[in-house]
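I opened my notebook for a slow look through this one, going from the whole chain down to single residues. Here is what I looked up, in the order in which I got to it.

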Number of protein chains: 2
Amino acid sequence: MAMYLQKDGIKTELSYKEGQNVLEVLREHGIEITAPCGGGGRCGKCRIIAQNAGELSENEKAILSKTDVENGVRLACCVKVSDGIVISPEGGQGEARILVDGNLGQLKLDPSVRVRHLSMEAPTAHDQRPDTQRVFDTLSVKVPFSKMNALPKALREGGFDLYVTDFAGEMMELCKDEPEALGAAIDIGTTTVAAYLYDLKSGERIGVGASLNAQRTFGADVITRSDAASTDEGKAQLPKLIREQVVSMVSDICIKNGKSINSVRHITIVGNTIMAHLFLGLPTENITKAPFIPVNCEELTVNASELSMGLENCKVTVLPCVAGYVGADTVAAVIACGMDKTEELTLLIDIGTNGEIVLGKKGNMICCSAAAGPAFEGAHIECGMGGVEGAISKVWLKDGEVKFQTIGDVSPKGLCGSGLVDACALLIREGVVDETGYMDEESELISENDEGDPVFMIGGGVYLSQKDIRQIQLAKGAIMAGVMSLVKEYGCDVSDIKRICLAGGFGNYISVDSACDIGLLPAKKRDVIGPVGNAAGAGALIALMDKTALEDASSAALSMRYIELSTYPAFQDLFVENMLFEAEE
Amino acid sequence: MAMYLQKDGIKTELSYKEGQNVLEVLREHGIEITAPCGGGGRCGKCRIIAQNAGELSENEKAILSKTDVENGVRLACCVKVSDGIVISPEGGQGEARILVDGNLGQLKLDPSVRVRHLSMEAPTAHDQRPDTQRVFDTLSVKVPFSKMNALPKALREGGFDLYVTDFAGEMMELCKDEPEALGAAIDIGTTTVAAYLYDLKSGERIGVGASLNAQRTFGADVITRSDAASTDEGKAQLPKLIREQVVSMVSDICIKNGKSINSVRHITIVGNTIMAHLFLGLPTENITKAPFIPVNCEELTVNASELSMGLENCKVTVLPCVAGYVGADTVAAVIACGMDKTEELTLLIDIGTNGEIVLGKKGNMICCSAAAGPAFEGAHIECGMGGVEGAISKVWLKDGEVKFQTIGDVSPKGLCGSGLVDACALLIREGVVDETGYMDEESELISENDEGDPVFMIGGGVYLSQKDIRQIQLAKGAIMAGVMSLVKEYGCDVSDIKRICLAGGFGNYISVDSACDIGLLPAKKRDVIGPVGNAAGAGALIALMDKTALEDASSAALSMRYIELSTYPAFQDLFVENMLFEAEE
């Protein structure tokens, strides 16, 4: 029995078990394929080209277009593997556009990991201190039990003149020659993972990397991912996948820059609460159902070996979370944009499937998570797609003509979040869409798609439909209702806000004007709105480079009071109100 | 090829490798045999009965008597194993007399391990604290990373109503029904190991046990033992042997008392510095050569699993040591006799191969280790033997006739430490031995042994020779020189001492009067001298039952200034002076 994968001109035989579907086989072989619904046959995203794949399933018949079927497109989760089947990836699974840079400002260099010269007198009959005490008295470094066995020999062979690497005062390594000490900051997004590798001694950047989260074959969003983690396979695979990915990304940057991964002494991790739990191998099932309880939110530092990461003498710190839906990524963004240190009232928004929102200033912050849904990530949008090559990312009118730009400057394949916001804003500004979200079918910007529905055709067959507008209304309504709930709870007014920080990829790529025009952001504060890049990643990096920032993160997490919107009395009213297109406060 | 062990009427075949000697084979099969010199063919103590064992070696010819040879006695370390050899133990390897009880006084019950009821409200949308925080807020118990995975399920299955066992505020166990919590205190002597098992909830004693140290086949004294630990075999075997013995002793007490070893949550360990190092698997090679440097002297608490002890949810605490030759046993004795808490000047003496001596009071103590040699343990004494069955332990005159008592009231086989001191004191009191240690051969108490040498014949062929008296002089001279060095260094006078505590087996069994008469203890302080039993074991137990006592032990260790006698200017003079029999200050 054989099935084959045809890719880049190479045909590879893949082993499989009777009864498996293609998605399962690909996962088992570590081949990444996007499956937002986690293999449930609902989302239609796990598209492959297949030959000899048998009859279409009912789900495929419902989801795939006539053209798709003609082109041999199938859904990986719906195709049972059988002898002789040949599959190949469809073009759409391209490289993602991933934001790795946050606004770092000046990085303070005072990391948890230090490398210092240890020079001591040899013991004598008049100075009989034990080896561990001699080290402690000299450098204030404690020798943990696991390092005691090798200590006496190393000290004597080194003539009591060596280099000590310590983590927060605990010895990690004792070397005759001065060793390197590298650190990695990792931002584990549900979709993408960003890695930053730094030299902990000089503070210099060695390199960065980004890739799609290897867990995504188990589902695109946190809920599907978490559900998958409750199965035996998922429980074993999900933590393993992300840990291996982190090591592999860091290793890649090391190799490219002539460094050894064995010199990595500290890795800081941020991510939403579910990503943090999955990385640590903690159960997430109580986060995804009411009342949404995490196992642990406190900062956690463990040995990489405890996570089976295959790294010796390396500590891993997961930054603190606040609640089930306000995670370490948000806490990291808070310390990165400095709102925990300023007296100016600041609003921080990170828009994704959930929009994490923080309002406040030094010592007093409140936060919430607004369930925006995946519209801004291209899901549930007729021509929607992620921010990958071929996605329309900008839309504008020039001399009455619709203009657009795609990622990678290739022909358009769909619409990503920033393009979606632009397109919707354009229709509002042109009066084609009214306050209630109704699209004027009579407008000259509106034409018909293949199915005969009235749509705003942007180009290359990519369009925006009335249904899409409704999705945008739901999404932006949730975000603004979240903002307004916090404003109400904080007892202030939108006009009191001095700065609005947009964190994350979406916040970085959207047009602030378009976002204000559709009411996703408070229009009257347009002038103080600015992107802060990958603030979560920046926060992870700051915590890596400066140990007091790690403490700041814990303090910040403690002073961020979480508001549960699902039971917040005013939320429903604010949601309905903010679904309209000019409602804003 | 086969060799056989004949024991208790049973003949067992033992496997062996070409070229091994009997001692090595017995060790490999876990059969304990005393070998003070570690198998060097020098001490003559590893006696066995052997058939078909080939020619006598030169060492055996020099060491064994004619009667021995006739009786088939051989030395295990000198006999190369060959096909058909049959060996059996000689009678002398009997059960040891081991002191397990110290003077405990009233035990305070406040152990590091606590079992408490955890009753919490279930989480709601208005109380979304993470599981770990909920536990901490209720009981001030932190959940370590290793316990987080199982926490959510356990809490919910238990309806948030459970029992938590913690160690110093860190969760060890979470149970639906109230669990047991047992603790063991272990005194690892070079020769003997004592174990005390207690219920940590009620404070009740469950049982005690004692046995010979399983490491003794690698040598009787710490030096030989330490030398053995520097070989590959010893490095692997010595820590393993003692850890397994501790578990096995605790397990035996559990089984006898209907308890489960899996309920043991804490084990406190005391022992001299080398025993502590060997238990922890730390190198001892720098302790046995000048300037005598231990790897670590601080208190160390680790998980039993880190020591491969096969116990889950169990912490092991090794109490602090002071220096290479003042160990955790002495520190434990200090806290047990309370000299770290009293304003009265106290002298603590634990006489063994090394006599550990501590002088001082609350906040200011000095200590030393005097190399007495193994005379008081029966070694280097012609008829010497350990405190086992058949040893003469008491000697006195009644109506001019020599009387004696043996351990186990059986016929005499030799002389143990307390008998030795009695016999020597008797000769001094009767004027048979003068100040210089010269034995008057003309005395009617003196007769001739088989070799025609003049000896004090006690009974059953057991005697004390002139050479033995010289050994006693060396030993008691070292101890008293140690005491007097401390007195000098402390800047006090012997008359200022308010209490003299004799710790350990030897101190417990000897006659104080005899010890004073031979000048092993200061005669003019006779009235304040008293045994404190196994004070080391008692200290281990106090530290088990009362967590503040553990802190006291660390404070005591820090305030015990160590005096290195080998380089102490006055020591040599004091040694020579105190070798005389009435010198004493």
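**Entry 1: the whole chain**

What share of the 585 residues in chain A is buried? I looked that up before anything else, bearing in mind that this is a predicted model. Buried residues make up 57% of the chain.

Next I checked the overall dimensions. The C-alpha trace of chain A spans about 100 × 70 × 45 Å along its principal axes. Its radius of gyration is 26 Å, and a compact globule of 585 residues would have one near 25 Å, so the two agree.

I also listed the secondary structure and found 17 helices and 26 strands in chain A. Then I turned to contacts with a separation of 6 or more: 65% of those in chain A are between residues 24 or more positions apart.

**Entry 2: how the two chains relate**

I laid chain A on chain B and got an RMSD of 0.1 Å, with a turn of 180 degrees and a shift of 0.0 Å along the axis. That is the relation of a two-fold axis. In chain A, the C-alpha nearest this axis belongs to A:E306, at 6.6 Å.

Then I compared the interface residues. Of those in chain A, 100% are interface residues in chain B as well, so the copies meet through the same surface.

**Entry 3: a helix in chain A**

I moved on to helix α9 of chain A, residues 273-280. Is it enclosed or exposed? Eight of its eight residues are buried, so the rest of the structure largely encloses this helix. I noted A:H277 and A:T273 among the buried residues, alongside others including A:I274, A:M275 and A:F279.

I looked at both ends too. At the start of α9(A), a side-chain oxygen of A:N272 comes to within 3.1 Å of the backbone nitrogen of A:I274. Just after the helix, A:G281 has a positive phi of about 75 degrees.

**Entry 4: a three-stranded sheet in chain A**

Here I followed an open sheet of three strands in chain A, with the order β21-β22-β23 and antiparallel pairing. Strands β21 (446-448) and β23 (462-465) are at its edges; each has a single partner strand, so one side of each is left without a neighbour in the sheet. Neighbouring strands are turned by 55 degrees against each other on average, direction ignored.

I zoomed in on β22 of chain A, residues 454-459, which is joined to the antiparallel β23(A) by four bridges. Which residue of β23(A) is the bridge partner of A:F456? I found A:L464 there.

Helix α12 of chain A, residues 466-490, lies across β22 and β23 and runs at about 65 degrees to β23(A).

**Entry 5: a three-stranded sheet in chain B**

I then picked an open sheet in chain B, where three strands pair in the antiparallel sense in the order β6-β7-β8. Its edges are β6 (113-119) and β8 (170-175), each with a single partner strand, so each has one side without a neighbour in the sheet. The average turn between neighbouring strands of this sheet is 30 degrees, direction ignored.

Five bridges link β7 of chain B, residues 161-167, with β8(B). I wrote down two pairs: B:F167 has B:E170 as its bridge partner, and B:Y163 stands opposite B:C175. The two strands form a hairpin with two residues between them, and B:A168 in the turn has a positive phi of about 50 degrees.

I checked burial as well: β8(B) is mostly covered, with five of its six residues buried. Helix α4 of chain B, residues 131-139, lies across β6, β7 and β8, at about 110 degrees to β6(B).

**Entry 6: one threonine**

My last stop was B:T346, which sits in strand β15 of chain B, residues 346-350. Why does B:T346 count as buried? Its relative accessibility is 2%, and the cut-off for buried is under 20%.

What does its side chain reach? I found the backbone oxygen of B:E344 at 2.9 Å. Leaving out residues up to four places away in sequence, B:T346 touches B:M339, B:V358, B:L359, B:G360, B:R499 and B:C501.

Terms used: Residues are numbered from 1 along each chain as its sequence is written. Chains are lettered from A and ligands numbered from 1 in the order in which they are written. This is a predicted model: local features need pLDDT of at least 70, side-chain atom pairs count only at pLDDT 80 or more; totals for chains, interfaces and linings use all residues. Side-chain values use heavy atoms; hydrogens and water are left out. Buried means under 20% relative accessible area, exposed over 50%, partly exposed in between (1.4 Å probe, protein chains only). A polar contact is a pair of N or O atoms within 3.5 Å; within protein, one must be able to donate a hydrogen and the other to accept it, and residues adjacent in sequence count only if both atoms are side-chain atoms. Contact means heavy atoms within 4.5 Å. Copies are superposed by least squares on the C-alpha atoms of residues with pLDDT of at least 70 in both. Two strands pair if DSSP finds at least two bridges between them. Axes are lines fitted to C-alpha atoms, for helices over the stretch in contact, and angles run from 0 to 180 degrees between N-to-C directions. The radius of gyration is taken over C-alpha atoms; the globule rule is 2.2 Å times the number of residues to the power 0.38.
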